[in-house]
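Here's a quick briefing for anyone meeting this structure for the first time. Have a look at the model, then walk through the points below.

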Amino acid sequence: LAEGRRILTEAIDSAKRLVLFTGAGVSTESGIPDFRSPGGLWSRMRPILFQDFVASEEARLEDWRRRFHLMAEFEAAQPNAGHRAMAGLVARGEAIALITQNIDGLHERSGVPEERLIRLHGTGTHAACLDCDTRMEIAEAVAAIAATGRAPRCPACGGLVKCAVVSFGQSMPEAEMARAEAASRAADLFVAAGSSLQVHPAAGLPVAARRAGARLIIVNRDETALDGLADFVLRGPIGRLFEPADQAARDGAT
Ligand code: NAD
Ligand code: APR
Ligand code: ZN
């Protein structure tokens, strides 16, 4: 752990354009399970594909049941040491961007500003119409389902309303993807933390960064799909590996 901390701190200190990239693993220390670890979400339930959501009322209702459960879990959770350390790196200008696959809102709540945060998979904290993008609060959707027993419809156009996350089979948000690609190509150091790096196109970003000349550091508890490509693979809990990197940057800044 000490060696990993030293490597991370030194790399961050000498980087000019650090890009942070996170997955569900950054939030497990806040009590939110990830997807692919033993006991992770995908071992307990199958994902609801976008095409099923569009085609079936039953799938929509099941998706909403899961959303309410997850929302409650996200709201009860607090940002952890890893989130705080990363927010510190962004606040002090050490990191030019934080790209996340997470939809739990914890990076936002740890104080990362919108202009530095790139949400590749949307956000689980509100919903939107699939046709006209009118926003709906999750609480409104809950009320609509309770009142009608049916999945909520858009008050503006009657379209299907869905939690504003990117489901499998759904297209990626274009503007976010473009920002993420630009940041990755600009990076001289790309640190991927808490992601199994198995889900594309997100997992293509560390590859693009590496190709454009960045050093790649992977911080993860278990093996990832891109370990062979990394300059360093640091195995351990994110909170404990990042805390000193943040502290050192703070000391260096004063
Ligand atoms: P689902 O209803 O089956 O529920 C699983 C959910 O777990 C995720 O959607 C997410 O809400 C949640 N979750 C739990 N802990 C989390 C954490 N710490 N951080 C972030 N999220 C956490 O899900 P679904 O609607 O079928 O969609 C599955 C997920 O697949 C989407 O959330 C999306 O992010 C992802 N996805 C990725 C790509 C891609 O990279 N190309 C494409 C499609 C979908
Ligand atoms: N410290 C370090 N690593 C951790 C920790 C921790 N405290 N907790 C978990 N990990 C690691 C696990 O070892 C695992 O390899 O984080 C990784 C999380 O990987 P996944 O569960 O696959 O999550 P992620 O990579 O974010 O998934 C990508 O898939 O289903 C979709 O939309 C979902 O955005 C998600 C995408
Ligand atoms: Zn609409």
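A word on domains first: their bounds come from an automatic or database domain assignment. On that basis, the chain splits into domain 1 (1–31 + 79–121 + 171–254) and domain 2 (33–76 + 122–165). Keep in mind that this is a predicted model. The topics below are the two domains, the ligand and a group of annotated cysteines.

**The two domains**

- Measure from C-alpha centre to C-alpha centre, so to speak, and domain 1 and domain 2 are 27 Å apart.
- Where they meet, eleven residues of domain 1 are in contact with eleven residues of domain 2.
- On the domain 1 side of that meeting place, you'll find three nonpolar, five polar and three charged residues.

**Around ligand 1**

- Where does ligand 1 lie with respect to domain 1 and domain 2? Both domains give residues to the shell around ligand 1, so the ligand lies between them.
- That shell is made up of 26 residues, and the closest are Ser27, Pro47, Asn102, His121 and Ser167.
- Helix 4 (residues 57–76) supplies the largest share of the shell, with three residues.
- Sorted by class, the shell around ligand 1 holds 16 nonpolar, seven polar and three charged residues.

**The annotated cysteines**

- According to UniProt (an unreviewed entry), the annotation "binding site" covers Cys129, Cys132, Cys154 and Cys157.
- These cysteines span 29 residues in sequence, yet no two of their C-alpha atoms are more than 8.5 Å apart, so they gather at one spot.

**A closer look at Cys129**

- You'll find Cys129 in strand 4 (residues 122–129).
- Is Cys129 buried or exposed? Cys129 counts as buried, because it has 20 C-beta neighbours inside 10 Å, and 20 or more is what it takes to be called buried.
- Setting aside residues up to four places away in sequence, Cys129 touches Thr134, Cys154, Ala156, Cys157, Gly159 and Val161.

**A closer look at Cys157**

- Cys157 sits in the loop between helix 7 (138–148) and strand 6 (161–165).
- Cys157 is exposed, because there are 12 other C-beta atoms within 10 Å, and 12 or fewer makes a residue exposed.
- Beyond its neighbours within four places in sequence, Cys157 is in contact with Cys129, Asp131 and Cys132.
- So what links the two cysteines described here? Cys129 has Cys157 among its contacts, and Cys157 in turn has Cys129 among its own.

Note on methods: Residues are numbered from 1 along each chain as its sequence is written. Chains are lettered from A and ligands numbered from 1 in the order in which they are written. This is a predicted model: local features need pLDDT of at least 70, side-chain atom pairs count only at pLDDT 80 or more; totals for chains, interfaces and linings use all residues. UniProt positions are given in the numbering used here, feature names are shortened, and annotations may be inferred rather than shown by experiment. Helices (H or I, at least four residues) and strands (E, at least two) are DSSP runs, numbered from the N terminus. Two residues are in contact if their C-beta atoms, placed from the backbone, lie within 7 Å. Ala, Val, Leu, Ile, Met, Phe, Trp, Tyr, Cys and Pro count as nonpolar, Asp, Glu, Lys and Arg as charged, and the others, Gly among them, as polar. A residue is near a molecule or strand if its C-beta atom, placed from the backbone, lies within 6 Å of it.
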